[in-house]
Structure formats: C-alpha cells, structure tokens
Amino acid sequence: MPERDPYQVLGVSRGASDAEIKKAFRKLARQFHPDRNDGSSAAEAKFKEVQSAYNSIENAEARRKYEQEQMFGGGGNPFGGMGGMGGMGGMEDVFSQMFGKSMGGQRSRRAPRPPEERGRNATAWLDLTTDEAEKGGSFNLTYTQLIPASHGSIDRKRRTLSVKVKPNSKHGKEIRIKDQGHGHPQGVNGDLIVKIRVDPGEGCRWDGGRIVKEVMVPYSTMMLGGKVTVTLPTGVKGKISVPPLSQVGDRQRVKDIDIEFVLSEVDTLNDDQKEVLQSLKENGL
C-alpha cells in the first residue's frame, strides 16, 4: 500500500514553512506517542506514519528530494523506457540512445528506438475549494516537467496549464492531459495526471476518500464515557456521545465527516488532579 502524502498526514499546506511543519509534527507526535496511549497499536501506527511524514518534508532539502522522488516514480528514471545510467550499457548507452553516436564518436550500430517510446507520466495536485469542485470550471495549474537536455542531463521546466474541471468533481478524481508529462530523448512526452484535492475544511483532513475531524476528549471522558462538543467545518456545533472505554483513534460518523477521538493535551496539573492521578496509578490506571 503506497504511503500517504506527508503534507496530508501532518495537515499542512505544500507551501508551509519549516517552523509550521515542525509545529504540526510536534503536536501529532505528542498526541499519538505510545507512552501516552497505553500501548495502543493504532496510535503506534499513527505515530510512525507522522514521524515518517516529517522526515520526508522537514526542511527544504528533504522536500526537494521528496518531490523529485514523486516525479521519478519512486526514484526510477523519469524518461520511461530509456533505461538507467548504470544498466543497458551505462552512460555510453544513454548517449547512444539520445544522439545515435557512441562516446568514442562512432555511429552506433544500435537501431534507434521506435517513435512510440514515451516519457514517464507526470503527476500534479490541483487544490480546489468545495465550491470550486461543485461548480467546476477552468483552473491554472503549475507543475514541474522533466525534459532531456544535452550530454544526458535533465532540465526541470516549470509549466502552467489551464485545467478544465467538470462540475461536482470529487476529491481524488484524476484528469489526464495527453503529452504534457515528462519528455523522452527519442520519443514523445508522457501524459500529465492531474489529481483533484478538495479542501476538507478547517481542522479536517482526508483519509482515503473520507473527511476526518479530530475532537479532543479528556481522559476521564474517554474511560467513563460522556459528551463532547464538536464544531463542523460549516460552523454548526453539536454534542456527540463518547462511549465508555473509548480508545484514541476511535471514530463516529456525523453527516459526511468522521469524528476521530484524540486525547486532550494537558500542560499543567493542580494539586487535586495530581492526587487523583496518583490514586489511579496506584489502582493500575
């Protein structure tokens, strides 16, 4: 199963600063740390996902490497069937394929590749609001296209295209734009795959095809049950019931949104709270 987009995991935009990314990571790491979730396997899995996401985009260099890997299809060659630098004859083979000559200047005996050779498909996200996705229309999209240059090098070209989106388009829908992907030294460009990403609303995130909103639940309510207040992205407020012995990561469906329980953060404790917690500790909780 492919890893989720690290920006979505941390709940930050692609233009977020290092400080914003670090702040989001720290909050989620505290929330899902195994020591704070009584060994919950779901929390541990979430903690590892958050840590992996942060490692992928924690600074400019990490983000550059991540974006490059995405364009290269997980580290492969962006030019599709062209072959790797270290295989199929190495660099000499690359020059032969690109220019019809060996590195020694002699005409290669290898027949040119057929014209149907294509570069890799490029992938880009188009961010839309809920209203924009419902109404549809034309939207500008900027992405990076890789094209073969001289001496086997690769040029990165920033391109902006107008993308037509049909009304009532859903999050995750793909739009294929022919011949606008990465280039090939002896063939045609691959296609551009545009994936629609609909803003799930303030305080929400996408998990697959479902919108998830976290709600802070005190430990006592998590264990004994009770009610907590939830504010939906529309601004509507209401109370939902938390069943006794709920776990971090448990969810309830409210309209079209999954409400996910997370443990309330506590920065300070008064003497009464410390005394109660000490009693709980002595009783195995």
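**Note on the predicted model: a four-stranded sheet and its helix**

1. Strand β7, spanning residues 210-217, and strand β11, spanning residues 257-263, pair in the parallel sense, and seven bridges connect them. Within this pairing, Lys213 has Ile259 of β11 as its bridge partner. These statements concern a predicted model and should be read as such.

2. Helix α2, which covers residues 18-32, packs on the sheet and touches both β7 and β11. The direction of helix α2 makes about 70 degrees with that of β7.

3. The two strands belong to an open sheet of four strands, whose order is β6-β7-β11-β10 and whose pairing is mixed. Because β6 (204-207) and β10 (251-254) stand at the edges and each has a single partner strand, one side of each is left without a neighbour in the sheet. On average, and with direction ignored, neighbouring strands of this sheet are turned by 40 degrees against each other.

4. As for the chain as a whole, the secondary structure consists of eight helices and eleven strands. Among contacts between residues at least 6 apart in sequence, 56% join residues that are at least 24 apart.

5. On burial and surface, 36% of the 285 residues of the chain count as buried. The accessible surface of the chain comes to about 17,000 Å², and 50% of that surface belongs to carbon and sulfur atoms.

Definitions and conventions. Residues numbered from 1 in each chain as written. Predicted model: local features only at pLDDT ≥ 70, side-chain atom pairs only at ≥ 80, totals over all residues. Heavy atoms only, no water. Buried < 20%, exposed > 50% of the residue type's maximum accessible area, 1.4 Å probe, protein only. Contact = heavy atoms within 4.5 Å. Areas by Shrake-Rupley, 256 points an atom, 1.4 Å probe, with all protein chains shown as cover. Pairing = 2+ DSSP bridges. Axes fitted to C-alpha atoms, helices over the stretch in contact; angles between N-to-C directions.
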